[in-house]
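Grab your structure viewer and let's work through a few exercises on pockets. Each one has a task and then a step-by-step solution.

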Amino acid sequence: MKSVSQFLSLTLLLTSLLMTSCNSKKETTEQKPVIEKAPYGQLPDGQTADLYTLQNASGMTAQITNYGGIIVSLTAPDKNGKFEDVTLGQDSLSAYVKNNPYFGALIGRYGNRIAKGKFTLDGKTYSLFINNMGNHLHGGKVGFDKVLWKATPIEGEEPALKLSYTAKDGEEGYPGNLSVEVTYTLQKDNALKIDYQATTDKPTVVNLTNHTYFNLTGGAKRDILDHVVTLNADKFIPVDKTLIPTGKLEPVANSPFDFTKPMVVGSRINDSTNTQIKYGGGYDHGWVLNGSGDSLKLAATVYEPTSGRVMEVRTTEPAIQFYTGNFLDGTVTGREGFPYKKRYALCLETEHYPDSPNQPSFPTTVLRPGQTYKTTTIYQFSTRKE
Ligand code: BGC
């Protein structure tokens with residue numbers, strides 16, 4: 001009898017030990033999705049900004065501040081499961097306020113350039129702030145990247161942060177009160193989804209995007225010239241020397257712009273015999289995405305061979321601006337004072353074509369009262385072993 005009870009208690013002990021070890025094993029691979037809020041600092045006008053940390057069940061994190069809707073960091077696992085930051089960012093709110101070349105930021109009311117800062121809508125001409133080679137860039141002097149957004153955290157299996165901002169009629173020269181909502185969702189499949197929505201009370205133009213600078217080495221260990229990029233685009237948007245579209249679309253075939261098959265970024269980036277490469281100082285152009293309509297489609301794939309990280313970009317937008325950090329020159333330092341040099345990151349900004357308000361043949365960016373602007377972009381991370 002005694003030996004039976006001894007056997008039973010031994011079995012129970014073993015079972016409970018086994019269960020504990022299974023549970024703790026589970027805890028190390030699966031985490032509870034969370035969204036946490038912490039103070040981030042004070043802006044020059046006295047308002048305070050917060051920093052939200054979203055984490056999904058596999059441990060991927062996104063840190064987002066409601067100042068400019070900036071993605072301050074975004075971690076993704078490498079082929080050995082090591083999570084590292086795959087974006088460029090600065091180490092304090094004051095650094096972002098002082099000088100931010102749009103790292104991680106939400107861009108609006110109009111992403112990219114509007115020629116000479118002028119456009120005509122319904123017979124009325126509007127003048128915008130000129131901030132780039134005689135043109136208007138990324139929404140002007142105080143674009144959506146430099147305003148404080150109202151933040152609403154949304155808890156759940158896929159934590160999300162809803163940001164809202166209303167740009168006033170006449171703000172930065174644009175017509176109409178524009179109510180904007182951007183929701184960042186950290187999905188369980190290691191993807192960051194960005195949903196954009198806007199309505200207006202007067203006819204206006206809108207082109208919203210996010211300007212994250214990616215470097216898939218993790219912690220921006222070196223430049224992005226070894227990254228391998230594929231773009232789902234047979235045509236691109238040639239520009240003049242001030243980076244304003246000429247109005248014509250050009251096939252990418254037989255040019256350094258052909259990323260229809262995976263191409264190492266550095267392989268043709270310095271082809272100075274190509275005028276477009278010369279104007280951009282590398283790649284700084286819009287690619288016209290294959291596939292019609294505003295359904296979600298694969299726009300770009302980026303692969304970084306050392307870490308094995310892969311990023312896929314899907315979007316409902318008709319174009320993607322592929323910018324290779326040509327204007328980074330080491331003057332902006334990142335976390336821990338690390339200087340971000342030329343081509344230390346690449347941007348894949350999903351959007352409508354640059355200067356659409358002045359280009360009748362481009363898909364329209366006009367938004368009228370009663371209409372709702374709605375777009376979605378997803379940046380998804382995985383790994384590949386080769
Ligand atoms: C533009 C670049 C610009 C960069 C940073 C990109 O979207 O295409 O020309 O330098 O943003 O401002």
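The exercises below look at two pockets in this predicted model.

**Exercise 1.** Find the volume of the largest pocket and the residues that lie nearest its centre.

*Solution.* Start with the volume: the largest pocket comes to about 590 Å³. Next, go to the lining, which is made up of 32 residues. Now zoom in on the centre, where Pro 101, Tyr 102, Leu 137, Tyr 213 and Phe 327 are the lining residues that lie nearest.

**Exercise 2.** Work out which helix and which strand each supply at least two residues of that lining, and which element gives the most.

*Solution.* Two elements turn up here: helix 2, spanning 93-98, and strand 25, spanning 319-323. Then pick the top contributor to the lining of the largest pocket: helix 2, with three residues.

**Exercise 3.** Sort the lining of the largest pocket by residue class.

*Solution.* Count the nonpolar residues and you get 14. Polar residues add eleven, and charged ones make up the other seven.

**Exercise 4.** Do the whole routine again for the second largest pocket.

*Solution.* Volume comes up at about 230 Å³. For the lining, expect 16 residues, with His 352, Thr 364, Tyr 373, Lys 374 and Thr 375 nearest the centre. Strand 27 (366-367) and strand 28 (373-383) are the elements giving two or more residues to this lining. Strand 28 gives the most, with three. Finish with the classes: the lining of the second largest pocket has five nonpolar, eight polar and three charged residues.

Note on methods
Residues numbered from 1 in each chain as written. Predicted model: local features only at pLDDT ≥ 70, side-chain atom pairs only at ≥ 80, totals over all residues. Heavy atoms only, no water. 1 Å grid on protein atoms, 1.4 Å probe; cavity = no way out; pocket = protein on both sides within 12 Å on 5 of 7 lines; lining within 4 Å. Points joined across faces, edges and corners; volume = space filled by probe spheres on them. Helix = DSSP H or I, 4+ residues; strand = E, 2+ residues; numbered from the N terminus. Nonpolar A, V, L, I, M, F, W, Y, C, P; charged D, E, K, R; others polar.
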